[in-house]
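Grab a pencil and work through the exercises below with the structure open beside you. Try each task before reading its solution.

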Amino acid sequence: MFDVNVTATPGFALGVAEQVSSALWRDHMAAAQALTQPQFLALSELYHSDGVSHLELAERVGIDKVTIGPIIRKLAEQQWIERRVDPDDGRRSVLRLAEPGKAALLDALPAAEQMTEALMEPLSPAEQAVVVQAWATMARATQDLASTRPSDLVEGTAIPPPNNYPWFYLRIARRSFRRIWRDVVGDEISSSQFGIMDAISRIQPIDIRSAALEACVEETTAVRIVMKSARTRLVKDRRDPDDARRSLLALTEAGREEHGRINGSLHEIQRVLCAGIPLKALPECERLTRVVARLPL
């Protein structure tokens, strides 16, 4: 079987770029109402699309339907949004942006702009246009968005719609990757878990910290992944004979079989994800995503 280094695939680069985006968001939003990216997207979409249902909102901003519920509850508790009965359908509830929500959105706007500049700073304007178009194309691999092209700011408004932010397309491209992964691989092993398994398969000896760094997974997450993999007998750990405080990881026979099965599916996953991107353009799109992700080329 032909082995693929998962760290060289577009899906891996998307995941790391999204981590960079999330980290920059937390840094820049520390003093701006502590809005999360999903909350910011929901509020800004409601600013431009008053009176949509929670399912319509989820689809427009690329948030999973099971995830949008807690977000809406939190925003409603803070009185940033209001629920009301649809005047045309009494069985349907719709959402609207309340004045405190608009104020919070305006307060967060400068930090969002600064975070966007920081994320895309390594690229020229022309490169940014190329990679954002690539992310938008990947996003359409599994879903239809209301719009997948940046739109001009409506005259007289102060708040851009979500699709004016490059990281919006990054988020939904990553969401498409996760959907394709589940369709091809299944739900038992996530892409992060496979990343850890792949690091273990390629590097020996290796401990949890090194595997986390190689797979670009937070160390606390890597610990949970290794514990789960050990319970399902995909990974085993043993004490380092030279350092009793350190555990060394290895794949079990079942782990090697599962790794081989998933490794053989990576080409199909990437094919579906990148199907809309011209073959000659794909290497440059991958390179630019790695630059945004701060990964080595």
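What follows is a set of short exercises, each with a worked solution.

A word on ground rules: this is a predicted model, in which local features need pLDDT of at least 70, side-chain atom pairs count only at pLDDT 80 or more, and totals for chains, interfaces and linings use all residues. Residues are numbered from 1 along each chain as its sequence is written, and side-chain values use heavy atoms, with hydrogens and water left out.

**Exercise 1. Two crossing helices**

Task: work out how helices α8 and α11 cross, and which residues make the contact.

Solution. Start by finding the two helices: α8 covers residues 191-202 and α11 covers residues 253-263. (Helices are DSSP runs of H or I with at least four residues, strands are runs of E with at least two, and both are numbered from the N terminus.)

Next, take the axes, which are lines fitted to C-alpha atoms over the stretch in contact, with angles running from 0 to 180 degrees between N-to-C directions. These two come within 10 Å and cross at roughly 115 degrees. That makes α8 roughly perpendicular to α11, since angles under 35 degrees count as roughly parallel, over 145 as roughly antiparallel, 65 to 115 as roughly perpendicular and the rest as oblique.

Now list who touches whom, contact meaning heavy atoms within 4.5 Å. From α8 you get Phe-194, Met-197, Asp-198 and Ser-201, and from α11 Gly-255, Glu-258, His-259, Ile-262 and Asn-263.

**Exercise 2. A salt bridge inside α8**

Task: find the salt-bridge partner of Asp-198 and say whether each of the two residues is buried or partly exposed.

Solution. The test for a salt bridge is a side-chain nitrogen of Lys or Arg within 4 Å of a carboxyl oxygen of Asp or Glu. Asp-198 passes it with Arg-202, with 2.8 Å between the closest N and O atoms. Both sit in helix α8, four residues apart, or about one turn of the helix.

For accessibility, buried means under 20% relative accessible area, exposed over 50%, and partly exposed in between (1.4 Å probe, protein chains only). Asp-198 comes out at 1%, so it is buried, while Arg-202, at 34%, is partly exposed.

**Exercise 3. More salt bridges**

Task: compare where the partners sit in the pairs Arg-96 with Glu-82 and Glu-284 with Arg-287.

Solution. Take the strand pair to begin with: Arg-96 and Glu-82 meet at 2.7 Å, N to O. This bridge links distant parts of the chain, with Arg-96 in strand β2 (residues 89-97) and Glu-82 in strand β1 (residues 81-86), 14 residues apart. Arg-96 is partly exposed at 26%, and Glu-82 is partly exposed at 37%.

Then the helix pair: the closest N and O atoms of Glu-284 and Arg-287 are 2.9 Å apart. They are three residues apart in helix α13 (residues 282-292), so about one helical turn separates them.

To finish, zoom out. The whole structure holds 16 salt bridges, and Glu-18, Arg-174 and Arg-178 are linked in a network of them.

**Exercise 4. Two buried residues**

Task: place Ser-53 and Thr-137, and list their contacts beyond neighbours within four places in sequence.

Solution. Ser-53 is in the loop between α2 (37-48) and α3 (54-61), and at 10% it counts as buried. Setting those neighbours aside, Ser-53 touches Arg-92, Ser-93, Val-94 and Leu-95.

Thr-137 belongs to helix α6 (residues 125-139) and is buried too, at 13%. With the same neighbours left out, Thr-137 is in contact with Gly-276 and Ile-277.
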